[in-house]
Amino acid sequence: MKRVTIRVPATTANLGPGFDAFGCALSLYTDVTFEETDCGLEITGCDEAFTGPDNLAYTSYCAVLNTMSEEVRGVRIHIDAHIPICRGLGSSAALLVAGAMGANVLRGNKLSTQGLLNITNAMEGHPDNLAPAFYGGLTASMVDGGLPVCVSFPLHPGWEFLALIPEFNLPTTLARSVLPEQVNRADAIYNISHGALVLKALELGDEKLLRNAMQDRLHQRYRKKLIPDYEKIEALVRTTGAAFCLSGAGPTLLCITRNPGLQEKLENKLNAVTEHSWQMLPLHVEFQGAHIISEEWNLE
Ligand code: HSE
């Protein structure tokens, strides 16, 4: 029997104007262990509600085995998740990526990372969290002919990220349901132009350019109504000079700065603008994508 543990980083998707396209891996992780057994499916380490066959790590594990025409045997899956669920930090993508990599490693690495990305993208629907979870760092992705195409972008090493994570969650399905089907031309131009400059600002480490470019007209203005105190918190963060955006579909809010001490600057003031409890979590870019952290073979 074989056992492997896969570590997958958290990811922040969109980065403001890069809706469904940009993503960046962050220094917060979910570790998932896979061990083949003769005893069916067993999932531990998570809420009872997620221990069935619809668990995302298991569904992508099975999808990879099916693609390889390999038999799905019994498997024990242990989840050690530090990425909070339904907070816009890529917890679902992390499970999909872990399941796909776990199956691939246990059955001889027959598929490439692009192959695993193709399979998981078909399940997730958009690659903006998946790409940085697989590759690490800053990525932009498109879906062309049904298949994801992802590229990495350089990032200045001086950026500091501060995630403001509320006690309430926001399901992505709800956060997508409030978006209009159609966008107007001015808004499309706004996002394309701002998105291009966000990538350059992140590469150069130019905080002023990032602050100005990291603005969006396609999703944040609709979603902020679902997040209590969004506007007050954004106004507060902007007084510090940091760039600000919604992390993925939310509700986590993300501050990006070159200046140390942002957390201290916000510490007392945050309580004055919101009655909710927001955890402030300092993070940095994770340049390493999903990888094996332990591997054992010939277990008794
Ligand atoms: N790009 C996605 C969204 C990320 O904003 O809905 C969440 O899956």
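Which residues does His 194 touch, not counting residues up to four places away in sequence? In this predicted model, the contacts of His 194 outside that range are Pro 17, Asn 212, Ala 213 and Gln 215. His 194 itself is part of helix 6, which spans residues 185–204. With a relative accessible area of 18%, His 194 falls under the 20% limit and is therefore classed as buried. The side chain of His 194 is also joined to that of Ser 193 by a polar contact of 3.5 Å.

Helix 6 also takes part in the second largest pocket, whose volume is about 250 Å³. Helix 6 gives the most to the lining of this pocket, with five residues. The lining consists of Pro 17, Gly 18, Phe 19, Asp 20, Ala 21, Phe 22, Ala 188, Asn 191, Ile 192, Gly 195, Ala 196 and Leu 218. Pro 17 thus appears both in this lining and among the residues touched by His 194. By residue class, the lining of the second largest pocket comprises eight nonpolar residues, three polar residues and one charged residue.

The largest pocket holds about 780 Å³ of space. Elements that give two or more residues to its lining are strand 4 (74–81), helix 2 (91–106) and helix 5 (172–177). Of the elements, helix 2 gives the most, with four residues. The lining of the largest pocket counts 39 residues, and Leu 56, Cys 86, Ser 91, Ser 92 and Ala 93 lie nearest the centre. These 39 residues divide into 17 nonpolar, 14 polar and eight charged.

Cys 86, one of the residues nearest the centre of the largest pocket, is located in the loop between strand 4 and helix 2. Its phi is positive, about 55°, although Cys 86 is not a glycine. The relative accessibility of Cys 86 is 30%, which lies between the limits of 20% and 50%, so Cys 86 counts as partly exposed. A positive phi in a residue other than glycine is also found at Asn 109, where the value is near 50°. Asn 109 is placed in the loop between helix 2 and helix 3 (113–124). This residue, too, is partly exposed, with a relative accessible area of 48%.

Helix 9 covers residues 230–239, and its buried residues include Tyr 230, Ile 233, Glu 234, Leu 236 and Val 237. Viewed down the helix axis, the buried residues of helix 9 fall within an arc of 160°, so they line one face of the helix. An α-helix has 3.6 residues a turn, so residues three or four places apart point the same way. Glu 231 and Thr 239, on the other side of helix 9, are exposed. The cover over the buried residues of helix 9 includes strand 7 (160–166), helix 8 (220–223), strand 8 (243–246), strand 9 (253–257), helix 10 (262–273) and strand 10 (278–283).

Backbone features were also recorded in the segments that follow helix 9. Gly 241, just after helix 9, takes a positive phi of about 90°. Gly 250 and Pro 251 are joined by a cis peptide bond, with omega of about 10°. Pro 251 belongs to the loop between strand 8 and strand 9, and both of these strands are included in the cover over the buried residues of helix 9.

Definitions and conventions:
Residues numbered from 1 in each chain as written. Predicted model: local features only at pLDDT ≥ 70, side-chain atom pairs only at ≥ 80, totals over all residues. Heavy atoms only, no water. Buried < 20%, exposed > 50% of the residue type's maximum accessible area, 1.4 Å probe, protein only. Polar contact = N/O pair within 3.5 Å; in protein donor to acceptor, adjacent residues only side chain to side chain. Contact = heavy atoms within 4.5 Å. Arc of directions from axis to C-beta. 1 Å grid on protein atoms, 1.4 Å probe; cavity = no way out; pocket = protein on both sides within 12 Å on 5 of 7 lines; lining within 4 Å. Points joined across faces, edges and corners; volume = space filled by probe spheres on them. Nonpolar A, V, L, I, M, F, W, Y, C, P; charged D, E, K, R; others polar.
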